[in-house]
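Colleague: I have this small protein open at the bench and would love a close look at one part of it. Could you take me through one helix and what surrounds it?

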Amino acid sequence: IRMNALEILTADHRKHEELLEHLSEGRTYAEFRDELIRHVHVEEEIFYPRLFEIEDLKEVVTVALEEH
């Protein structure tokens, strides 16, 4: 299945919420860390650079990057 960056990031956010809920049930922090590393890569290398290419979104993307 091919997913776009927005679909990946949305699915990641759901998975991260689930992982946080399960950390106390024996899931490891390493598993969560690995998921976050992949997520950050998609955001920083794919999602935000593509949005930044759209002139009308540059200011919004800059603020989002600063806050995120």
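Modeller: Happy to; here is a walk along helix α2, from its overall form to its neighbours. A word on the basis: this is a predicted model, in which local features need pLDDT of at least 70 and side-chain atom pairs count only at pLDDT 80 or more, while totals for chains, interfaces and linings use all residues. Residues are numbered from 1 along each chain as its sequence is written, and side-chain values use heavy atoms, with hydrogens and water left out.

The protein has three helices and zero strands, running α-α-α from the N terminus. Helices here are DSSP runs (H or I, at least four residues), and strands would be E runs of at least two, numbered from the N terminus. Of the 68 residues, 21% are buried; that word means under 20% relative accessible area, with exposed over 50% and partly exposed in between (1.4 Å probe, protein chains only).

Your helix, α2, has 24 residues and spans 32 Å from its first C-alpha to its last, close to the 34 Å expected at 1.5 Å a residue. That expected span is 1.5 Å times one less than the number of residues. At Glu43, α2 bends by about 35 degrees, the bend being the angle between axes fitted to the seven residues ending there and the seven starting there.

Which residues of α2 are buried? They are Phe32, Glu35, His39, Val42, Glu43, Phe47 and Tyr48. Their cover includes α1 (5–22) and α3.

Let's stop at His39, which is buried with a relative accessible area of 4%. Its side chain makes a polar contact with the side chain of Asp12 at 2.9 Å. Such a contact is a pair of N or O atoms within 3.5 Å; within protein, one must be able to donate a hydrogen and the other to accept it, and residues adjacent in sequence count only if both atoms are side-chain atoms. Leaving aside residues up to four places away in sequence, His39 touches Leu9, Asp12, His13 and His16, where contact means heavy atoms within 4.5 Å. Ala11 of α1 sits 28 residues from His39 in sequence and 9.9 Å away in space, C-alpha to C-alpha; Ala11 is partly exposed, at 32% relative accessibility.

Now for α3. The axes of α2 (residues 29–52) and α3 (residues 58–67) come within 8 Å and cross at roughly 145 degrees. Those axes are lines fitted to C-alpha atoms over the stretch in contact, and angles run from 0 to 180 degrees between N-to-C directions. Here Tyr48, Leu51 and Phe52 of α2 meet Lys58, Val61, Thr62, Ala64 and Leu65 of α3. The residues of this contact divide into six nonpolar, one polar and one charged. In that count, Ala, Val, Leu, Ile, Met, Phe, Trp, Tyr, Cys and Pro are nonpolar, Asp, Glu, Lys and Arg are charged, and the others, Gly among them, are polar.
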